[in-house]
Amino acid sequence: MATKTVERTEAETGESKPKPPPLYKVRLLNDDYTPMEFVVQVIETYFGKSREQALQLMLKVHNEGSAVCGVYPRDVAETKVRQVTEKAREHQHPLQCEMEEG
Ligand code: TYC
């Protein structure tokens with residue numbers, strides 16, 4: 001005798017599947033004053049990119065206004081934003097770093 005698997009909706013079973021944690025994009029914004037070399041070093045240091053990847057990302061920010069440098073869970077993204085902003089202010093650069101869900 002053949003057996004048959006019946007699928008039931010969440011409402012029928014009362015179960016709910018755990019959702020994966022939301023991810024956040026961390027984005028660097030362009031400005032007219034932060035030196036290019038400083039931005040390259042920030043991207044290498046805080047976003048784990050190679051020198052070549054960091055250079056390409058810095059140029060994307062410079063030419064297009066912003067670029068996503070990494071995607072992380074909320075607490076990691078918050079730490080990246082804080083570390084990058086602190087490093088920039090320490091050197092008196094206006095570099096801006098933001099996070100967005102998605
Ligand atoms: N536009 C800056 C300059 O010409 C370089 C720059 C790149 C600044 C990326 C910020 O996130 C940035 N010195």
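Here is an informal walk through a predicted model of one protein chain and its ligand.

**The chain as a whole**

Let's start with the fold. The chain has 4 helices and 3 strands. If you trace the elements from the N terminus, they follow the order α-β-α-α-β-α-β. Try picking them out one by one in the structure above.

How much of the chain is tucked away? Of its 102 residues, 30% count as buried. As for the outside, the chain exposes about 7,400 Å², and 49% of that comes from carbon and sulfur atoms.

The contacts also tell you how the chain folds back on itself. Take the contacts with a separation of 6 or more: residues 24 or more positions apart account for 68% of them.

**Around the ligand**

Now for the ligand. Which residues surround it? The shell is made of L29, N30, D31, T34, M36, V39, M58, V61, H62 and L95. By type, that shell splits into 6 nonpolar residues, 3 polar ones and 1 charged one.

Two helices are worth finding here. Helix 2 (36-47) and helix 3 (51-64) each bring at least two residues to the shell. Helix 3 is the top contributor, giving 3 residues.

Some of these neighbors pair up with the ligand through polar atoms. The table sets out three such pairs, two through the backbone and one through a side chain.

| Residue | Atom on the residue | Atom on the ligand | Distance |
|---|---|---|---|
| L29 | backbone N or O | oxygen | 2.8 Å |
| T34 | polar backbone atom | nitrogen | 2.9 Å |
| H62 | polar side-chain atom | nitrogen | 2.9 Å |

How much of the ligand does the protein bury? Taken alone, the ligand exposes 350 Å², and the protein buries 89% of that.

**An unusual spot at Q92**

One last stop is away from the helices and strands. Q92 sits in the loop that links helix 4 (74-90) to strand 3 (96-101). Its backbone stands out: the phi of Q92 is near 60 degrees, a positive value in a residue that is not glycine. For context, most residues other than glycine have a negative phi.

Is Q92 buried or exposed? With a relative accessibility of 73%, Q92 is over the 50% cut-off, so Q92 counts as exposed.

**Pulling it together**

To recap, you have a chain of 4 helices and 3 strands, a ligand with 89% of its area buried by the protein, and a loop residue, Q92, with a positive phi.

Key. Residues numbered from 1 in each chain as written. Predicted model: local features only at pLDDT ≥ 70, side-chain atom pairs only at ≥ 80, totals over all residues. Heavy atoms only, no water. Near = heavy atom within 4 Å. Polar contact = N/O pair within 3.5 Å; in protein donor to acceptor, adjacent residues only side chain to side chain. Areas by Shrake-Rupley, 256 points an atom, 1.4 Å probe, with all protein chains shown as cover. Nonpolar A, V, L, I, M, F, W, Y, C, P; charged D, E, K, R; others polar. Buried < 20%, exposed > 50% of the residue type's maximum accessible area, 1.4 Å probe, protein only. Contact = heavy atoms within 4.5 Å.
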